[in-house]
Amino acid sequence: MPVINSIAAMADDLKTWRRHLHAKPELMFDCHETAAFVVERLREFGITDIHEGIATSGVVAIIDSGRPGPTIGLRADMDALPMDEITGAAYASTVKGKMHACGHDGHTTMLLGAARYLAETKNFSGRVALIFQPAEEDGGGGEVMVQEGAMDRFDIERVFAIHNVPGQPFGQMFTTPGPIMAAVDTFYIEIEGRGGHGAYPHETIDPIPPALAIAQAFATIVSRNHRPADDLVVSVTQIHSGSASNIIPGEAFVNGTVRTFDPSVQDMVERRMKEIVAGTAAAYGVDIKLNYERGYPATVNDPGQTAFAADVARDVVGAAQVIDDAGPEMGAEDFAYLLQARPGAYLFLGAGEGAGLHHPAYDFNDEISPIGASFFARLVETAQPA
């Protein structure tokens, strides 16, 4: 059962929709123009049960088959990234400093394609909840939608999402049961010493040596404080201090990210960072403030729903194109919050060759839109047959 013929016939419309959205990127919760475009298309499809303004600009639309049955949720993210585009495409971003560099324009398009097909055919029982979510890249729009009752209000029983992946074989779908994306935490460290003349360091309290010591010590959390079998990333990504070659600064700043899957590992990392910071402050005679912020939790697929989704994927792209034990990725996703609220699964869809995600030359491959839309549609028809 390959790509659905009537969805394949929508390819030009899908491309037009996607490129319209690509040219008008919006950030975080401010996806009002994108949401308005989504609502306009949904109404064209004859969908009238539309709920706007969830998590500020999110949309949930319901397609009712007219037959009794549960409600299945399908989610697409809508927001872009705060960066400039260098693709040179005719439909490139028209908004300086904003770009669809992760393919959320394509994810929204795929869900719109599935919506049009499902609204026309209604070859399923129960209901479909189409979830168009803002603020995946930053802000946790998925968490806010759950907090505002979207899963309960629409009686969603299970939920699914997909994400494009450039650099992976075109049309390949892959997933894994259990943790598939990591929890993401961020640490911010402010070091206060005493500045002065670079020729007289003995009259200062230099914040740069403790900043470097902290960065080196944090690396030992991975190499010496955790079990090798537990996936863990600790990355120092920023060290800022100083303004001139002959001035010892009074302050330094250290920042970075932590990726984990196990809450106990997360707890260990935060504890060790506090211990290292306290010891470094005492050793170097500086004041240090550590702010450890816990972000998105790990994205954890329900094993049963993952096996089900992988079977549907095989129907759409063929068994040879599906990997159902791909293992976890160290990236993060706020779909995690939806999966905490309901069982479901998150899958990746290979987009073929092209610039990577979050790169200024990235562009969504429009050729995969019919595949993603067909997968969403088959999920519904298989989960809730008429």
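**Salt bridges, burial and helix geometry in a predicted model**

Modeller: Arg18, Arg19, Asp105, Asp363 and Asp366 are linked in a network of salt bridges. The model is predicted, so local features need pLDDT of at least 70 and side-chain atom pairs count only at pLDDT 80 or more, while totals for chains, interfaces and linings use all residues. Residues are numbered from 1 along each chain as its sequence is written, and side-chain values use heavy atoms, with hydrogens and water left out.

Biologist: What makes the pair Arg18 and Asp105 a salt bridge?

Modeller: The term requires a side-chain nitrogen of Lys or Arg within 4 Å of a carboxyl oxygen of Asp or Glu. In Arg18 and Asp105 the closest N and O atoms are 3.0 Å apart, and therefore the pair qualifies. Arg18 lies in helix 2 and Asp105 in helix 4, so this salt bridge ties together parts that are 87 residues apart in sequence. Both Arg18 and Asp105 are buried. By this rule the count comes to 22 salt bridges.

Biologist: What are the salt bridge partners of Glu270 and of Asp311, and how are these pairs spaced along their helices?

Modeller: Glu270 pairs with Lys274, the closest N and O atoms being 3.5 Å apart, and Asp311 pairs with Arg314 at 2.6 Å, N to O. Glu270 and Lys274 are four residues apart in helix 8 (residues 263-284), which means that about one helical turn separates them. Asp311 and Arg314 are three residues apart in helix 9 (residues 303-317), and here too the separation is about one helical turn. An α-helix has 3.6 residues a turn, so residues three or four places apart point the same way.

Biologist: Why is Glu270 given one accessibility label and Lys274 another?

Modeller: Buried means under 20% relative accessible area, exposed means over 50%, and partly exposed is in between, with a 1.4 Å probe and protein chains only. Glu270 has a relative accessible area of 16% and is therefore buried, whereas Lys274, with 48%, is partly exposed. In the other pair, Asp311 has 44% and is partly exposed, and Arg314 counts as partly exposed at 25%.

Biologist: How do you know that helix 2 has a span close to the expected one?

Modeller: Helices and strands are DSSP runs numbered from the N terminus, a helix being H or I over at least four residues and a strand E over at least two. The expected span of a helix is 1.5 Å times one less than its number of residues. Helix 2 (residues 11-23) has 13 residues and reaches 18 Å from its first C-alpha to its last, close to the 18 Å expected. Its buried residues are Leu14, Trp17, Arg18, Leu21, His22 and Ala23. These buried residues pack against helix 1 (5-8), helix 3 (32-44), helix 4 (104-121) and helix 11 (369-383).

Biologist: Why is His22 called buried, and what makes its approach to Glu85 a polar contact?

Modeller: His22, in helix 2, is at 0% relative accessibility and therefore counts as buried. A polar contact is a pair of N or O atoms within 3.5 Å; within protein, one must be able to donate a hydrogen and the other to accept it, and residues adjacent in sequence count only if both atoms are side-chain atoms. The side chains of His22 and Glu85 make such a contact at 2.9 Å. Taking contact as heavy atoms within 4.5 Å and leaving aside neighbours within four places in sequence, His22 touches residues including Glu85, Tyr91, His100, Asp105 and Asp363.

Biologist: Which loop holds Met28, and why is Met28 called partly exposed?

Modeller: Met28 lies in the loop between helix 2 and helix 3, and its relative accessible area of 35% is why it is partly exposed. Leaving aside neighbours within four places in sequence, Met28 is in contact with residues including Asp79, Pro134 and Ala135. Ala135 is found in the loop between strand 4 (127-133) and helix 5 (141-147), and at 0% relative accessibility Ala135 counts as buried. Ala135 has a positive phi of about 60 degrees although it is not a glycine.
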